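User: I am in my first year and would like a close look at a single part of this protein, namely its aromatic pairs. Could you take me through them slowly, and then show me where they sit in the wider picture?

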Amino acid sequence: MVMLVSFFKDPEFANVDSSENESIPFRGTILRTKSGKFSSVSEPCVSCTTFNILAPIYKRLDQQNQNVRESDFRAFWLARNERIVDWLLYESSSIICLQEFWVGNEELVQMYEQRLGASGYDTFKLARTNNRGDGLLTAIHKEYFRVLNYRELLFNDFGDRVAQLLHVQSVIPFLQNNDDSMQQEILIVNTHLLFPHDSSLSIVRLHQVYKILQYLETYQRENKLSQVPVMLCGDWNGSKRGHVYKFLRSQGFVSSYDIAHEYTDSDHKWVSHRNHRGNICGVDFIWLRNPNKSIKPLKISWAEAAFGIIKYQLQKAQLNEKDAFDFLRADNNGNYITYSDFCDALKQLKLTSLSHGLSFQEMKDLWVQADVDGNGVLDYDEFKRIWYCTCSEHIDEDSNSEDSNEGITKEAFGFAVKNAILFPREVEKGIWPENYHLSDHARLTALFSPVRLRCSQKSL
């Protein structure tokens, strides 16, 4: 098992940026308590790091000439990425999830694979679709986990983004138990969502997450893995104020950083990214869902999130609740909205008729959720369900509410969040340090301890 050790500075890293000298996280699994002191508690734990390392093909070197990129200067990109690997190896997280990994450059790929491999990691890389040049790299330390399965998700129709799913098992059981059937396994996802260049692209990012969760649900059901924790890692290109955040929360996921620091969903104290527009925001997350979480059916959560985007677009057009109802019912003389009116309004809001927009089937699904009484039109009370983003739970036939095992409880394996830290440390206070140059993102490292959970024994 990983042991927590006391903190120390290593002269090996004296050449890094000054702000990074204070950015040493859990070396292996170093624990920094909430009081700021480092402790040497001895217990089994798992550490996970997620980091968008800024692909050299995107790193601008001259703000006056946007075409000058780091990828044109080997000495620059190689030195920066060697420092990144130095830090990753120094931290020695059990799980490493990288985004904007420059898969198009064989020298850089070999450097990462060789150095991580020599330090005991299995590595898995995945290029974005349509030869975009960058992608993902996930590394799993063989001392802690064996990889049972690896799957790739390709969003060819959703902004050329991709995701990796890894099904891993602890090499040595974290928890000793008399029940050999208790799975000490984890499902890990690494992804990088589309940047929201305009508000109409919110539906794309929601699509991407929905596709990931659908795949997870199918994989868990097919492999009888309802009783395993799930970690979602990556650059989500959206903050705690966004629809993706709310969607994931409705599906039982918690932000490990916010749990560690006892922040609520409305707290926005930290940042993790300075984007190409110069704005700073918090977009990097390690999400955790334990098997004892009670969650809504996925289609209901999806519909509520989609209605949230519809409402946002209506409000962006400066429409209040009553004006929005009138806009949706268009020119019909009745005090109701028809399906044709509904579809026309979504088209005007730029949420359909695009390669990334709502599909015909998705519009039908949303309509079914909104038309509670099934009479083919939406009255004002039904419209308010859209406005306040609430759906009835008369969802699909595949819902497992009739599972005969639902009332049976079983011991399961899960995680408690011990700590989480962003580096450089200034970003935890909402400040972006000017002397930080490793990336335009901060690194996020979280520490988890295994726990026993009691949860209902039901199939996905």
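Analyst: Let us begin in helix α1 (residues 74–91), where Trp-87 and Tyr-90 are three residues apart and are therefore separated by about one helical turn. Please keep in mind throughout that this is a predicted model. The rings of Trp-87 and Tyr-90 form an aromatic pair with 6.1 Å from centre to centre and 75° between the planes, and since planes over 60 degrees apart count as edge-to-face, that is the name given to the arrangement of Trp-87 and Tyr-90. Are these two residues buried or exposed? Trp-87 has a relative accessibility of 1% and so counts as buried, and Tyr-90, at 4% relative accessibility, counts as buried as well.

A second pair brings together Tyr-245 and Trp-287, whose ring centres are 5.2 Å apart and whose planes stand at 55°, so this pair is described as tilted. Tyr-245 belongs to helix α4 (residues 243–250) while Trp-287 belongs to strand β14 (residues 284–289), which means that the pair ties together parts of the chain that are 42 residues apart in sequence. With a relative accessibility of 4%, Tyr-245 counts as buried, and Trp-287 counts as buried with a value of 1%. Tyr-245 and Trp-287 also belong to a cluster linked by ring pairs, whose other members are Tyr-257, Tyr-263, Trp-270 and Phe-285.

Turning to the wider picture, the count for the model comes to 22 aromatic pairs. The protein chain that holds them has ten helices and 18 strands, and buried residues make up 53% of its 460 residues. If we take the contacts between residues at least 6 apart in sequence, 74% of them join residues that are at least 24 apart.

Aromatic residues also appear where two helices meet. The axes of helix α8 (residues 339–348) and helix α9 (residues 360–370) come within 11 Å and cross at roughly 125°, which makes α8 oblique to α9, and the crossing of α8 past α9 is right-handed. On the α8 side the residues in contact are Tyr-339, Phe-342, Cys-343 and Leu-346, and they meet Phe-360, Met-363, Lys-364, Leu-366 and Trp-367 of α9. Sorted by class, this contact between α8 and α9 consists of eight nonpolar residues and one charged residue, with no polar ones.

Technical notes: Residues are numbered from 1 along each chain as its sequence is written. This is a predicted model: local features need pLDDT of at least 70, side-chain atom pairs count only at pLDDT 80 or more; totals for chains, interfaces and linings use all residues. Side-chain values use heavy atoms; hydrogens and water are left out. Axes are lines fitted to C-alpha atoms, for helices over the stretch in contact, and angles run from 0 to 180 degrees between N-to-C directions. Helices (H or I, at least four residues) and strands (E, at least two) are DSSP runs, numbered from the N terminus. Angles under 35 degrees count as roughly parallel, over 145 as roughly antiparallel, 65 to 115 as roughly perpendicular and the rest as oblique. A crossing is left-handed if the near helix is turned anticlockwise from the far one by less than a right angle, and right-handed if clockwise. Contact means heavy atoms within 4.5 Å. Ala, Val, Leu, Ile, Met, Phe, Trp, Tyr, Cys and Pro count as nonpolar, Asp, Glu, Lys and Arg as charged, and the others, Gly among them, as polar. Rings of Phe, Tyr and Trp (its six-membered ring) pair if their centres lie within 6.5 Å; planes under 30 degrees apart count as stacked, over 60 as edge-to-face and the rest as tilted. Buried means under 20% relative accessible area, exposed over 50%, partly exposed in between (1.4 Å probe, protein chains only).
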